[in-house]
2 protein chains.
Amino acid sequence: MVYMVTHGTACLYKMLTDGRRQVVGFALPGDFLGSPFSDRYPCSVYAINEVTVRQLLRGPFLTFLRAHPKSLSLMLEAALQEKTAAHDHMLLLGRGTAEEKFAEFIISWRARAGRRGALANLVPLPMSRRDVADFLGLTIETVSRVVTKLERENVLRVTPEGLQLMGSTERPLLFERSYKVT
Amino acid sequence: MVYMVTHGTACLYKMLTDGRRQVVGFALPGDFLGSPFSDRYPCSVYAINEVTVRQLLRGPFLTFLRAHPKSLSLMLEAALQEKTAAHDHMLLLGRGTAEEKFAEFIISWRARAGRRGALANLVPLPMSRRDVADFLGLTIETVSRVVTKLERENVLRVTPEGLQLMGSTERPLLFERSYKVT
DNA sequence: CGAATCGTTGAAAGCAGTCAACTAGGGTGG
DNA sequence: CCACCCTAGTTGACTGCTTTCAACGATTCG
């Protein structure tokens, strides 16, 4: 079974028997959950806020895709992009410091979530600290400490509506990247 | 431009300006490098051993895919699988200990590399310690220490041909997983 | 009000990182 | 043939960032 998110935000995660959890991503409207090729779910999902999905039966969906190569092509393009995004996040998880992880998360979340309208400086954070921590491979305490530190440095401000990024955000990104393509 | 690996093993990685590196995967024969939809390379590549590839021009390849939905479908299936693999690795990077990271790596590398024939207990490791370390988000020193520890515990033996896994490998995997699918 | 959940803060511990010394092979050139 | 160098890998001592453990504050809800 495949689902397509139509409204809301979902959290995708994997969990170990001892409770350790890794959030692998967040699904926004337009994103697909599951694969039309397998009846195993690649990971667990839970709704962060009110979420609605469109259910797609595996068989009929496959038939549809075979009949509409254009859609198939779009799905492949999206899947490849998501693979690249996953690789980017690996870099963060494997090599980033706590502060870099959080900064990069805010920047990219702002770009994704605030797609309606220009990049706002008020970034809504519908997910809990635990979700953020598990996404970044940190503990909630460490996330809290990083937020406090950035707040003290006037990089951002915590409001009930989300994180208010200060102007200084455009300055040297904490987590610069430059790919040497060989 | 897209390439398909036909022989050998390649290493895919991303790197930061300060030299920190994350290996995002290893490409074996049959794997594709790059995307037919974008002319940006998603990551850097280097050949671990003698590698041959088949070069596919983006335009003609796209035309071919449009004319052969079956191939398109196979590429989508592969891309979705790789996305799942990337997510699995995120769990390892974000939540695994050094020992769990290495153990899981050996197990899954054996499954992939030793596909010809049954799962051998002699696992060849064509890549360097640095590649392994950068794949697991560790330092070469830590990898070395883990190997030494596992060798002392008679879990494996280091030989010039690769890692010799002892029988005890079938026992409780060091990194058990169990997905609570909601 | 009490209970529960979520988040913050502080102190201490621990796992992996850093720095450095050392070993082992492999290639080169005198 | 062997001294030399260079690279890959190992090992040890120490440091440090993040985790762990614990207490506290804020908010919501019955």
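How do the residues of the surface near DNA strand D divide into nonpolar, polar and charged? I would like to start there this morning, with the reminder that this is a predicted model, and then turn to the cavity and to the relation between the two protein chains.

The residues of that surface come out as 2 nonpolar, 7 polar and 5 charged. In total, 14 residues surround DNA strand D, and the closest of them are Ala98(A), Thr142(A) and Arg145(A) from one chain, with Ser144(B) and Thr148(B) from the other. If we look at the strand's side, sugar and phosphate make up 64% of those atoms of DNA strand D that come within 4 Å of the protein.

Three contacts from chain A are worth following on the screen. The side chain of Thr142(A) places an N or O atom 2.5 Å from a phosphate oxygen of DNA strand D, whereas Arg145(A) has a polar side-chain atom 2.8 Å from a base oxygen of that strand. Glu141(A) also reaches a base, with a polar side-chain atom lying 3.3 Å from one of the base nitrogens of DNA strand D. As for secondary structure, the elements that give two or more residues to this surface are helix 5 (140–152) of chain A and helix 5 (140–152) of chain B, and helix 5 of chain B gives the most, with 4 residues.

Now to the empty space inside the protein. Which residues line the largest cavity? Chain A supplies Leu80(A) and Lys83(A), while chain B supplies Phe32(B), Gly34(B), Met75(B), Ala78(B), Ala79(B) and Glu82(B). The count gives 1 cavity of 30 Å³ or more, and the volume of the largest is about 90 Å³. Helix 2 (69–95) of chain A and helix 2 (69–95) of chain B are the elements that give two or more residues to its lining, with the largest share, 4 residues, coming from helix 2 of chain B. By class, this lining holds 5 nonpolar, 1 polar and 2 charged residues.

Finally, the relation between the chains. Chain A is superposed on chain B by a rotation of 180° with 0.0 Å of shift along the axis, at an RMSD of 0.0 Å, and the two copies are thus related as by a two-fold rotation axis. Why can we say that the copies meet through the same surface? Because 100% of the interface residues of chain A are also interface residues in chain B.

Technical notes. Residues are numbered from 1 along each chain as its sequence is written. Chains are lettered from A and ligands numbered from 1 in the order in which they are written. This is a predicted model: local features need pLDDT of at least 70, side-chain atom pairs count only at pLDDT 80 or more; totals for chains, interfaces and linings use all residues. Side-chain values use heavy atoms; hydrogens and water are left out. A residue is near a molecule or strand if one of its heavy atoms lies within 4 Å of it. A polar contact is a pair of N or O atoms within 3.5 Å; within protein, one must be able to donate a hydrogen and the other to accept it, and residues adjacent in sequence count only if both atoms are side-chain atoms. Ala, Val, Leu, Ile, Met, Phe, Trp, Tyr, Cys and Pro count as nonpolar, Asp, Glu, Lys and Arg as charged, and the others, Gly among them, as polar. On a 1 Å grid over the protein atoms alone, a cavity is a set of points where a 1.4 Å probe fits but cannot get out, and a pocket is an open set with protein on both sides within 12 Å along at least five of seven lines; lining residues have an atom within 4 Å of a point. Grid points are joined across faces, edges and corners, and a volume is the space filled by probe spheres set on the points. Copies are superposed by least squares on the C-alpha atoms of residues with pLDDT of at least 70 in both. Contact means heavy atoms within 4.5 Å.
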